[in-house]
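The following paragraphs lead the reader through one protein structure, step by step. Please keep the sequence and the three-dimensional view at hand while reading.

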Amino acid sequence: MAGNWKMYKTPAETQTFFEKFRPLVEKSEHCEIVICPPFTNLAAAVDAAKGSPIQVGAQNVAWAKEGAFTGEISGPMLKAVGASHAIISHSERRQYFGETDETVLKRTQAALEFGLTPIVCVGERLEERESGNTETVLVSQFQKGIAGLSEQQFAKIVIAYEPVWAIGTGKTATPEIAADAHKVIRAQVREKFGKDAADAVRILYGGSVKPDNVKSLMAQPDIDGSLVGGAALDPVSFASIVNF
């Protein structure tokens with residue numbers, strides 16, 4: 001269960017969140033819990049999560065180790081501050097900041113090289129869904145952004161299916177729609193990396209996940225967790241999603 005805070009909260013607000021959130025998930029051993037705050041809150045989050053089952057991830061990672069890349073943050077920098085995960089190519093990164101399937105692959109490889117677990121996002125826009133191209137888009141994003149990994153690399157990643165039309169819009173894919181997309185992704189994995197890899201990979205659903213819909217989403221056999229946006233900003237709300 002991963003929470004993406006996007007561009008919200010200060011270090012002080014991060015500390016307040018963890019004070020309320022920690023006791024609510026202290027005994028939650030059924031899943032991994034990852035919170036991805038903005039870069040400026042990573043140190044505060046790592047500090048506040050010490051001694052708890054909560055892990056901390058970044059919302060992006062550069063494809064280079066260091067260099068003239070103004071505004072980027074590298075894998076070694078994230079590791080040094082205590083992060084364990086990195087979200088790669090969230091749809092907002094694709095939409096506003098020019099991420100492509102090619103940069104997705106480069107960033108994923110860099111995250112792995114520097115010991116971070118990548119949460120690699122794929123998903124279609126509303127017009128792509130309405131024109132019946134969901135499967136085509138997912139296959140293309142997989143082929144160009146993930147299929148270039150080696151089997152050993154692939155075994156260390158997490159995939160998140162995020163229908164762009166359901167992010168921050170209040171629209172949620174029905175459990176059946178989400179499950180169909182997850183099946184498409186898992187079939188791609190099976191074809192490229194084999195049955196064992198397809199059985200083992202965790203595919204998260206992201207897109208207006210809330211306490212009142214998480215149970216029906218998680219009941220789908222192909223949905224292995226969720227990448228939560230808005231509902232992850234509130235400790236009680238995110239805890240009830242974790243403890244669905």
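The structure holds zero disulfides. This is a predicted model, and the cysteines offer a suitable place to begin reading it. C31 takes part in no disulfide, and the nearest cysteine sulfur, that of C36, is 14 Å away. A disulfide requires two cysteine sulfur atoms within 2.5 Å, so a separation of 14 Å rules out a bond between C31 and C36. C31 counts as partly exposed, because its relative accessibility is 22%, and the buried class ends at 20%. C36 is likewise in no disulfide; for this residue the nearest cysteine sulfur is that of C121, 9.4 Å away. With a relative accessible area of 0%, C36 is buried.

The next topic is the sheet. Eight strands form an open sheet with parallel pairing, and their order is 7-6-5-4-3-2-1-8. Which strands are the edge strands? They are strand 7, residues 203-205, and strand 8, residues 227-228, each of which pairs on one side only. Within the sheet, one pair may be followed in detail. Strand 3, residues 54-58, pairs with strand 4, residues 85-88, in the parallel sense over two bridges. In this pair, G57 stands opposite H85 of strand 4.

The loops also deserve attention, and two of their residues have a notable backbone angle. K9 is a residue other than glycine, yet its phi is positive, near 80 degrees. This lysine is found in the loop that runs between strand 1 (2-4) and helix 1 (11-25). K9 has a relative accessible area of 25% and is therefore partly exposed. S208 is not a glycine either, and it has a positive phi of about 55 degrees. Its place is the loop between strand 7 and helix 11, the latter spanning residues 214-218. Is S208 buried or exposed? It is buried, because its relative accessible area is 14%, and residues under 20% belong to that class.

The last topic is the empty space in the model. Rolling a probe the size of a water molecule over the atoms shows where such space is left. The largest pocket holds about 470 Å³ of space. It is lined by 19 residues, and those closest to its centre are K6, M7, Q59, R93 and F97. Helix 4, which covers residues 91-97, gives the most to this lining, with four residues. Sorted by class, the lining of the largest pocket contains nine nonpolar, six polar and four charged residues.

The second largest pocket holds about 350 Å³ of space. Among its 17 lining residues, the closest to the centre are S91, R94, Q95, R125 and V164. Which elements give two or more residues to this lining? They are helix 4, strand 5 (117-122) and helix 7 (134-145). The largest share, five residues, comes from helix 4. By class, the lining of the second largest pocket has six nonpolar, five polar and six charged residues. Helix 4 thus links the two descriptions: it gives the most to the lining of the largest pocket, and it also provides the largest share of the lining of the second largest pocket.

Conventions: Residues are numbered from 1 along each chain as its sequence is written. This is a predicted model: local features need pLDDT of at least 70, side-chain atom pairs count only at pLDDT 80 or more; totals for chains, interfaces and linings use all residues. Side-chain values use heavy atoms; hydrogens and water are left out. On a 1 Å grid over the protein atoms alone, a cavity is a set of points where a 1.4 Å probe fits but cannot get out, and a pocket is an open set with protein on both sides within 12 Å along at least five of seven lines; lining residues have an atom within 4 Å of a point. Grid points are joined across faces, edges and corners, and a volume is the space filled by probe spheres set on the points. Ala, Val, Leu, Ile, Met, Phe, Trp, Tyr, Cys and Pro count as nonpolar, Asp, Glu, Lys and Arg as charged, and the others, Gly among them, as polar. Buried means under 20% relative accessible area, exposed over 50%, partly exposed in between (1.4 Å probe, protein chains only). Two strands pair if DSSP finds at least two bridges between them.
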